[in-house]
Amino acid sequence: MWSTPTPDQMFVATKLVDAGAGVLHIVKNYTGDVMNFEMAAEMAAEDAGVKVEAVVTNDDVAVEDSLYTAGRRGVGVTVLVEKICGAAAERGADLAAVAAIGRKVNASGRSMGMALTSCTVPAAGKPTFQLCDGEMEIGIGIHGEPGRYREPLGSATEIAERLVQPIVQDLPYTKGDSVLAFVNGMGGTPLVELYVVFAEVARILSELGINIQRSLVGSYITSLEMAGCSITLLKLDDELTRLWDAPVRTPALRWGV
């Protein structure tokens, strides 16, 4: 199985990145992650005087509770929180304001994923779960946790419908909304196939009267060699759109510079 960073590791990392304004922890809602990051934040405050705020992402609509979480899992919206919070910090927002923006993004975003294969965690040496030929798992977590159900392999159209409908119904998203649509690869899916899925997502949302104002397609939050994808929708307003559009220069995201 995978292992969350230890409190000691996160404590050291927190001290190293602190530049005097405090540190934001962006934590996916997995029980071990949340616990260890909370402990690291306490250590940072008590031992190093570093102020820490946390944003816990829980955007996965597939399951409410699991063996690994209390509540929903954190998945694709994490990438969007990181980009938008980074832009807010670059513009001079203080720690409390950056954390508030991160929580707003999490509250405005929903995700769901599917898998065509499992991943193999090196420490385990075998696939986390088994899928028969011609099957797909709907609603998986990013570590390969089981989802809502398993069914015969479907087309890109069917996969997009399986994922988009629960997302749209959950927030809910309604006619006239503008969204950022994020189609994410789980690690083993070619980019061209992700764009095929994106085309189907765009068609479904157009039929619902939901406008894709911004988009992101690629493998950004992955599970080793797992084949599959996730879909994230983020409801946009002027503030979030400006922060998303702000220049970024990282190995994964780069525009406006």
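**Figure 1. Strand β3 pairs with strand β8 in this predicted model.** The two strands cover residues 109-115 for β3 and residues 228-235 for β8. They run in the antiparallel sense. Their pairing counts 7 bridges. One place to look is R110 of β3, which stands opposite L233 in β8.

**Figure 2. Strand β3 also pairs with strand β4.** Here the partner is β4, residues 135-138. The link is made by 2 bridges, and the strands are antiparallel. M114 faces I138 across the pair, with I138 in β4. A115 has its bridge partner in β4 too: E137. Strand β3 is thus seen with β8 in the previous view and with β4 in this one.

**Figure 3. Strand β3 is largely enclosed by the rest of the structure.** Buried here stands for under 20% relative accessible area. Of the 7 residues of β3, 7 are buried, so the strand is largely enclosed. Its side chains split into two sets. G109, S111, G113 and A115 point one way. R110, M112 and M114 point the other way. Both sets are buried. R110 is one of these buried residues, and L233 of β8 is the residue opposite R110.

**Figure 4. Strand β4 continues the pairing to strand β5.** Strand β5 covers residues 149-152. It runs antiparallel to β4, with 4 bridges between the two. E135 stands opposite P152, which lies in β5. On the other pairing of β4, 2 bridges lead to β3. Follow the strands in turn: β8 pairs with β3, β3 with β4, and β4 with β5.

**Figure 5. T57 is a buried residue of strand β2.** Strand β2 spans residues 52-57. The relative accessible area of T57 is 0%, so T57 counts as buried. Which residues touch T57, beyond its neighbours within four places in sequence? They are I26, V27, K28, N29, R73, G74, V77, T78, V81 and N106. For a sense of distance, take P146, which is 89 residues from T57 in sequence. The C-alpha atoms of T57 and P146 are 19 Å apart.

**Figure 6. T78 sits in helix α3 and touches T57.** Helix α3 runs over residues 77-90. T78 has a relative accessible area of 1% and is buried. Outside its neighbours within four places in sequence, T78 is in contact with I26, K28, T57 and I221. I26 and K28 also appear among the contacts of T57. V257 lies 179 residues along the chain from T78. Between their C-alpha atoms the separation is 23 Å.

**Figure 7. The whole chain gives the setting for these views.** The protein chain has 7 helices and 10 strands. Its radius of gyration is 18 Å, close to the 18 Å that the globule rule gives for 257 residues, so the chain is as compact as a globular protein of that length. Along its principal axes, the C-alpha trace spans about 55 × 45 × 30 Å. Of the 257 residues, 48% count as buried. Among contacts between residues at least 6 apart in sequence, 74% join residues at least 24 apart. The accessible surface comes to about 11800 Å², and 53% of it belongs to carbon and sulfur atoms. The chain carries 21 positive and 32 negative side chains. The centres of these two sets lie 5 Å apart.

Terms used:
Residues numbered from 1 in each chain as written. Predicted model: local features only at pLDDT ≥ 70, side-chain atom pairs only at ≥ 80, totals over all residues. Heavy atoms only, no water. Rg over C-alpha atoms; globule rule 2.2 N^0.38 Å. Buried < 20%, exposed > 50% of the residue type's maximum accessible area, 1.4 Å probe, protein only. Contact = heavy atoms within 4.5 Å. Areas by Shrake-Rupley, 256 points an atom, 1.4 Å probe, with all protein chains shown as cover. Lys, Arg positive; Asp, Glu negative; His and termini not counted. Charge placed at Lys NZ, Arg CZ, Asp CG, Glu CD. Pairing = 2+ DSSP bridges.
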